[in-house]
Amino acid sequence: MGVVIAATGVGVGIYLGRRNPSLAPTAGAASAAAPAPTEAPSVPGFTMNGVFLVAVENSTLADGAHCRVDGLDADISDTTPVTVFDDAGHRLTGGYLEPGVFVSNPLGKECKWGFSIVAVPDGPAKYSVEVGTHGGQPVSSATAHTWVVLNG
């Protein structure tokens, strides 16, 4: 029994068998070019990252606890849509809020939901970002490219 190890452009093959020329690697196998890797398609635009904050009164939640609010902001949850508009009011793209987290700081207590919206087109001097049905909040292009803070 013979052992043949052949290196190809794709990997290494091992042939364990009798001397059967039809089963052994060919001389051309070592010179075969590996297919060129394909690049992931690029997403046009940029990713807008930020938070949506809702002030909370009289909460007994611990910092970091999952947050849910009542009253006028009761429609805010982990699946509330976030929509980005250009300065003329045309819908550009959207996404959803991430899970809400309770935080307390020297300024008060609040629930904080993060968001990350991909493929926001570059160009407008200002954007409007709407969380659920809470109306759009103006955001400058410079802020949209860094970190967006929206208040509920």
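Cys 111 is buried in this predicted model, with a relative accessible area of 1%. Its sulfur is joined by a disulfide to that of Cys 67, with an S to S distance of 1.5 Å. Cys 67 counts as buried too, at 2% relative accessibility. Because Cys 67 sits in the loop between β3 and β4 (81-86) while Cys 111 belongs to strand β7, the bond ties together parts that are 44 residues apart in sequence. If you are setting up a topology, one disulfide is what the structure holds.

Cys 111 also has a place in the strand pairing: its bridge partner in β6 is Phe 102. The two strands concerned, β6 and β7, form a hairpin with two residues between them. Strand β7 pairs with β3 as well, and there Asn 49 stands opposite Ser 116. Here are the two pairings side by side.

| Strand | Partner | Sense | Bridges |
|---|---|---|---|
| β3 (residues 46-55) | β7 (residues 108-120) | antiparallel | nine |
| β6 (residues 101-105) | β7 | antiparallel | five |

Now to the interior. In soluble globular proteins, nonpolar side chains tend to be buried together. In this model the largest nonpolar core has 24 residues, and the ones with the most contacts inside it are Met 48, Phe 52, Leu 97, Trp 113, Phe 115 and Leu 150. Two or more residues each come from β3, β4, β7, β8 (126-131) and β10 (148-151). Strand β7 gives the most to this core, with five residues.

What is Phe 52 in contact with, leaving aside its neighbours within four places in sequence? Its contacts include Leu 97, Trp 113, Phe 115 and Leu 150, along with Ile 76 and Val 131. Phe 52 also touches Cys 111, one end of the disulfide. Lys 112, Gln 137, Asn 151 and Gly 152 are on the list of contacts as well.

Stepping back to the whole chain, its secondary structure comes to one helix and 10 strands. Along the sequence these follow the pattern β-β-β-β-β-β-β-β-β-α-β. Of the contacts with a separation of 6 or more, 56% are between residues 24 or more positions apart. Buried residues make up 30% of the 152 residues in the chain. As for the outside, the accessible surface of the chain comes to about 9,600 Å², and carbon and sulfur atoms account for 58% of that area.

Technical notes: Residues numbered from 1 in each chain as written. Predicted model: local features only at pLDDT ≥ 70, side-chain atom pairs only at ≥ 80, totals over all residues. Heavy atoms only, no water. Pairing = 2+ DSSP bridges. Helix = DSSP H or I, 4+ residues; strand = E, 2+ residues; numbered from the N terminus. Disulfide = S-S within 2.5 Å. Buried < 20%, exposed > 50% of the residue type's maximum accessible area, 1.4 Å probe, protein only. Core = buried A, V, L, I, M, F, W, Y, C linked by side-chain atoms within 4.5 Å. Contact = heavy atoms within 4.5 Å. Areas by Shrake-Rupley, 256 points an atom, 1.4 Å probe, with all protein chains shown as cover.
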